[in-house]
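User: Please take a close look at the surroundings of the ligand in this model. I should like one connected account of what encloses the ligand and which polar contacts are made.

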Amino acid sequence: MNSDLDFSGVGMTSQRTRNRLIERLLEQGVTDTRILEVIKSTPRHVFVDEALAHRAYEDTALPIGFNQTISQPYIVARMTEVLLAEGPLENVLEVGTGSGYQAVVLAQLVSKVFTVERISGMLDRAASKFKLLGVRNISHRHADGGMGWPEQGPYDGIIVTASPMRIPEELIAQLNVGGRMVVPLGNGQGQELVLVTRTASEVTTEVLERVKFVPLVSGKA
Ligand code: SAH
């Protein structure tokens, strides 16, 4: 866990815009104050193109190059809340590093984050942000995340931030007993955020809400 990070050196944009974002998240039903605090203090403007930095605290997805998007803050908050709902987690696997924002949010709430990205240029850029912000409990890997990262598992939590048609078996296999996975399932037309939980004897799924993610693509780029 890394809750003592101080991001004040990377330029605070107006506290008022950040407060407004937190209010919006509260209105939408995100109530975990630790998550709200982390979102409030994490500099999202660092993760988006400079030309869009002035929109970084709007509750909206934004382009991050390579045809990908940084998720809407509400979705980041919601997925994090679902993942942590049953208590603290030791290690979490993220599939789809993208900008690195979700990983940095998680890194302040769990002990270790392992994040996998298939586009190497995207991953390099995210890794430079981890360094810039002094976040040390994120490990990253250039690989097809549909295969997970078996050498570091099994995981207490898995968060998939690109959308597969069905839950990859490899990811279920890397989930600890008692572990939780949040994954957007479906195609470009319609996706549902699904919570997968694993007990000693079974794997259960629960549909949470409709979402829109870029597709999970196999192979590396
Ligand atoms: N979590 C990110 C947003 C992810 S956008 C953030 O906070 O910014 C989705 C990302 O998933 C993209 O960067 C895309 O390249 C990546 N992705 C898609 N398929 C993948 C796969 N099979 N393995 C790893 N990453 C993948």
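Analyst: A residue is counted as near a molecule if one of its heavy atoms lies within 4 Å of it. The model is predicted, and in it 26 residues surround the ligand, the closest being Ser 99, Glu 117, Asp 144, Gly 145 and Val 217. Sorted by class, this shell comprises eleven nonpolar, eleven polar and four charged residues. Several secondary-structure elements contribute to the shell: strand E2 (69-70), helix H4 (101-107) and strand E4 (112-117) each supply at least two residues.

As for its site, the ligand sits in the largest pocket. Polar contacts to nitrogen atoms of the ligand come from side chain and backbone. In the side chain of Glu 94, an N or O atom is 3.0 Å from a nitrogen atom of the ligand. Gly 96 places a backbone N or O atom 3.1 Å from a ligand nitrogen, and for Arg 118 a backbone N or O atom lies 3.3 Å from a nitrogen atom of the ligand. Of the 580 Å² of accessible area that the ligand has on its own, the protein covers 99%.

Turning from the ligand to charge pairing within the protein, the structure holds four salt bridges. One of them joins the side chains of Arg 24 and Asp 59, at 3.4 Å from N to O. This pair links distant parts of the chain, 35 residues apart: Arg 24 belongs to helix H1 (residues 15-27), whereas Asp 59 lies in the loop between helix H2 (33-41) and strand E1 (62-63).

Key:
Residues numbered from 1 in each chain as written. Predicted model: local features only at pLDDT ≥ 70, side-chain atom pairs only at ≥ 80, totals over all residues. Heavy atoms only, no water. Polar contact = N/O pair within 3.5 Å; in protein donor to acceptor, adjacent residues only side chain to side chain. Areas by Shrake-Rupley, 256 points an atom, 1.4 Å probe, with all protein chains shown as cover. 1 Å grid on protein atoms, 1.4 Å probe; cavity = no way out; pocket = protein on both sides within 12 Å on 5 of 7 lines; lining within 4 Å. Sits in = over half its atoms within 2 Å of the grid points. Helix = DSSP H or I, 4+ residues; strand = E, 2+ residues; numbered from the N terminus. Nonpolar A, V, L, I, M, F, W, Y, C, P; charged D, E, K, R; others polar.
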